[in-house]
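Biologist: Please take one buried position in this model as a starting point and look at it closely. Then follow the helix that carries it outwards to the packing around it, step by step, for someone who has not seen this structure before.

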Amino acid sequence: MIESDTKNRHPLSKRISLGAIALILAGLALLPQGVLTANVPSAPEQNIEFAAGANSLSYRLSMMLVVISLALFILGVFALYAHLAQTKQERMAFAGLIVTVGLLALFLPMTGFAAFVVPAIGALIEQGHTEMVAVMAETFKQPFLPIQFFAGILWNIGNILLGVAIWRSGTLWKWGGLLFIIYGVVGVPSYLDVKAFQIISPTVGGLAQIAVGISLWLSVAAGD
């Protein structure tokens with residue numbers, strides 16, 4: 001029976017280790033975002049300036065890194081839950097998983113808009129087609145946009161829940177959980193275009209994901 005349980009745990013341990021690596025890579029991809037977009041004005045109050053600033057290599061690179069980071073982060077969150085499900089914090093971790101992944105899925109269309117449509121509008125504006133800014137203005141008037149907008153705010157609650165579960169679990173670095181909580185808190189003003197937090201949030205989030213990813217990998221390795 002013991003041998004059978006060991007065989008069943010071994011593949012799961014490998015998968016959790018891969019998820020830990022995904023978290024580390026997600027954090028590395030997230031870290032430079034604030035610096036790369038520091039000179040891009042906020043939207044929608046400055047649509048023309050925002051679109052023109054988005055028509056740059058640094059902005060395009062930052063958005064590609066964000067998309068990569070989010071994809072890896074989602075994979076890492078599943079691995080993090082699989083680990084925390086073996087502790088007394090399973091319910092808290094499950095709530096964090098559902099809120100994070102569910103709301104991120106709703107938010108991703110806005111990421112695609114920011115990554116591809118806004119830079120294209122910026123390129124057309126620089127060619128003299130200033131009327132193209134109306135595309136952005138019209139997009140922000142779409143009746144179902146509030147769903148994606150509030151998803152962009154509320155998925156940060158998932159980070160807070162995961163941070164609390166990490167802190168209480170006793171199996172991962174507590175300060176990694178604290179960074180997750182802080183990331184969830186500063187993520188809200190960052191999303192609401194407070195420029196200082198748009199620089200702070202990716203740094204805190206990147207460090208949180210790297211720290212928890214390393215802690216998760218070490219914990220699984222120690223268990224093996």
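**A close look at N47 and its surroundings**

Modeller: N47 lies in helix α3, where a helix is a DSSP run of H or I with at least four residues, a strand is a run of E with at least two, and both are numbered from the N terminus. The model is a predicted one, in which local features need pLDDT of at least 70 and side-chain atom pairs count only at pLDDT 80 or more, while totals for chains, interfaces and linings use all residues. Residues are numbered from 1 along each chain as its sequence is written, and side-chain values use heavy atoms, with hydrogens and water left out.

N47 has a relative accessibility of 13% and therefore counts as buried, the scale being buried under 20%, exposed over 50% and partly exposed in between, with a 1.4 Å probe and protein chains only. Setting aside residues up to four places away in sequence, N47 touches V133, M136, A137 and F140, a contact being heavy atoms within 4.5 Å.

From N47 we can move to the helix around it. Helix α3 covers residues 47-54 and packs with α5 at an angle of about 100 degrees, the two axes being 7 Å apart. The axes are lines fitted to C-alpha atoms, for helices over the stretch in contact, and the angles run from 0 to 180 degrees between N-to-C directions. That angle makes α3 roughly perpendicular to α5, since 65 to 115 degrees counts as roughly perpendicular, under 35 as roughly parallel, over 145 as roughly antiparallel and the rest as oblique. On the α3 side of this packing stand I48, F50, A51, A52 and A54, and they meet V118, P119, I121, G122, I125 and E126 of α5. By type, the residues of this contact are nine nonpolar, one polar and one charged; Ala, Val, Leu, Ile, Met, Phe, Trp, Tyr, Cys and Pro are taken as nonpolar, Asp, Glu, Lys and Arg as charged, and the others, Gly among them, as polar.

Helix α5 leads on to another partner. This helix, residues 90-126, packs with helix α7, residues 145-169, at an angle of about 155 degrees and with 7 Å between the axes. The pair α5 and α7 is therefore roughly antiparallel. Their crossing is left-handed, meaning that the near helix is turned anticlockwise from the far one by less than a right angle, whereas clockwise would be right-handed. In the contact of α5 with α7 there are 21 nonpolar residues, six polar ones and one charged one.

Helix α7 in turn packs with helix α4, residues 57-84, at an angle of about 35 degrees with the axes 11 Å apart, and the crossing of α4 and α7 is also left-handed. Here F73, V77, L80 and L84 of α4 meet W155, N159, L162, A165, I166 and S169 of α7. The residues of that contact divide into eight nonpolar and two polar, with no charged ones.

F73 takes us to helix α9, because Q209 is placed in that helix, residues 195-223, and Q209, leaving aside neighbours within four places in sequence, is in contact with L23, I24, A26, G27, L30, S69, F73, F180 and Y183. Q209 is buried, with a relative accessible area of 1%. The C-alpha atoms of Q209 and L28 are separated by 8.4 Å, although these residues lie 181 positions apart along the chain.

L207 is likewise placed in α9, but with a relative accessible area of 42% L207 is partly exposed. Apart from neighbours within four places in sequence, L207 is in contact with L31 and L179. An exposed residue can be found in helix α2, residues 33-36, which holds V35: at 67% relative accessibility, V35 counts as exposed. The C-alpha atoms of V35 and I199 are 6.5 Å apart, with their positions 164 residues apart in sequence.

The whole protein frames these details. There are nine helices and zero strands, and the C-alpha atoms fill a box of roughly 70 × 30 × 30 Å along the principal axes. Of the 224 residues, 45% count as buried. Among contacts with a separation of 6 or more, 78% come from residues 24 or more positions apart.
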